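Hi,

Here is the structure I promised to pass on. Have a look at it first, and my notes follow underneath.

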Amino acid sequence: MIILKNDDEIEMMRISGRVTGSILYELRELIRPGISTMDIDRYTEGRIRSEGMIPSFKGYNDYPASACVSVNHEIVHGIPDEDRILEEGDIVSVDIGATYDGWVSDAARTYPVGNVSEEARRIIEVCRASFFGCLRYCIEGCRLTDIGHSIQRRAESAGYSVVRDFVGHGIGRDMHEDPQIKNYGPPGKGPQLLRGMALAIEPMINEGDYETEVLANNWTAVTSDGKLSAHYENTVIITGGEPEVITLDERDERGA
Ligand code: MF3
Ligand code: CO
């Protein structure tokens, strides 16, 4: 069942989303060669708590940290580690969530670490563009699978594969609500989009094949072929008009 949010509830989600978006923006400065993935987690948790909010991920299904930090061929759910030091040329995906008075926001970015290859820059950019491209379908009258279809077209036409084993989701009082949002598949199916829906839309795309494996820590998902993966996510509100992306910092780059 998809839970619609009223205006007061959306306002609470906006407050949460503003913090999530601004932290992801600030991380652009923190992320550089020599820092550990735990440094990213510490910064994230400190900033969320300094706003009087709660890190949504910590303790969720026993997840041990506030951020998921996934390097290079890691797709999602990388566990922060003091000993995992970022190196020049890496790409790092950071996924975070904040809970404000019970309302959750969820978003992710992939960052270059120092100077990165042209190919690394391109997968980051195509993943981001696949998110912004799908926004034209995030309107009343479109149907749920129009979103994933748009993402798949954009990613595959640029030569990337779309991860099948992880999906986007509705969000609100719970981080994961209905519906599941596949980043692939035929258009024109599933429920009609309605004003008041809150959706965490999160393309994950790979340089090689879409197959995944989960590491022995039971969390970290990696590409089976060891090639690069990128992730980009925002919490989006369906309105009577244009979609509202509530986890995008106003200083951040917009558009496809
Ligand atoms: N943010 C992830 C998602 O987009 C979920 C993180 S799982 C957690 O669905 F355990 F780390 F919280
Ligand atoms: Co999510």
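How many residues of each class, nonpolar, polar and charged, are in the shell around ligand 1? Six of them are nonpolar, three are polar and four are charged. Please keep in mind as you read on that this is a predicted model.

Let me stay with the ligand for a moment. Ligand 1 is surrounded by 13 residues, and the closest are Phe57, Asp95, Asp106, His176 and Glu202. As for where it is found, ligand 1 sits in the second largest pocket.

Three polar side chains are worth bringing up on your screen. From His176, a polar side-chain atom lies 2.6 Å from an oxygen atom of ligand 1. His169 also places a polar side-chain atom by an oxygen atom of ligand 1, at 3.2 Å. With Asp95, the partner in the ligand is a nitrogen atom, and the distance from the polar side-chain atom is 2.9 Å. On its own, ligand 1 has 340 Å² of accessible area, and the protein covers 96% of that.

Now to the sheet. Five strands make up an open sheet with antiparallel pairing, and their order is E8-E7-E9-E14-E15. Strands E8 (177-181) and E15 (244-245) are at the edges; each has a single partner strand, so one side of each has no neighbour in the sheet. At the E15 end, the partner is strand E14 (residues 234-237), and the two pair in the antiparallel sense over two bridges. If you want one bridge to look at there, Val236 has Val245 in E15 as its bridge partner.

Happy browsing, and do write back with any questions!

Best wishes

Notes: Residues numbered from 1 in each chain as written. Chains lettered and ligands numbered in written order. Predicted model: local features only at pLDDT ≥ 70, side-chain atom pairs only at ≥ 80, totals over all residues. Heavy atoms only, no water. Near = heavy atom within 4 Å. Polar contact = N/O pair within 3.5 Å; in protein donor to acceptor, adjacent residues only side chain to side chain. Areas by Shrake-Rupley, 256 points an atom, 1.4 Å probe, with all protein chains shown as cover. 1 Å grid on protein atoms, 1.4 Å probe; cavity = no way out; pocket = protein on both sides within 12 Å on 5 of 7 lines; lining within 4 Å. Sits in = over half its atoms within 2 Å of the grid points. Nonpolar A, V, L, I, M, F, W, Y, C, P; charged D, E, K, R; others polar. Pairing = 2+ DSSP bridges. Helix = DSSP H or I, 4+ residues; strand = E, 2+ residues; numbered from the N terminus.
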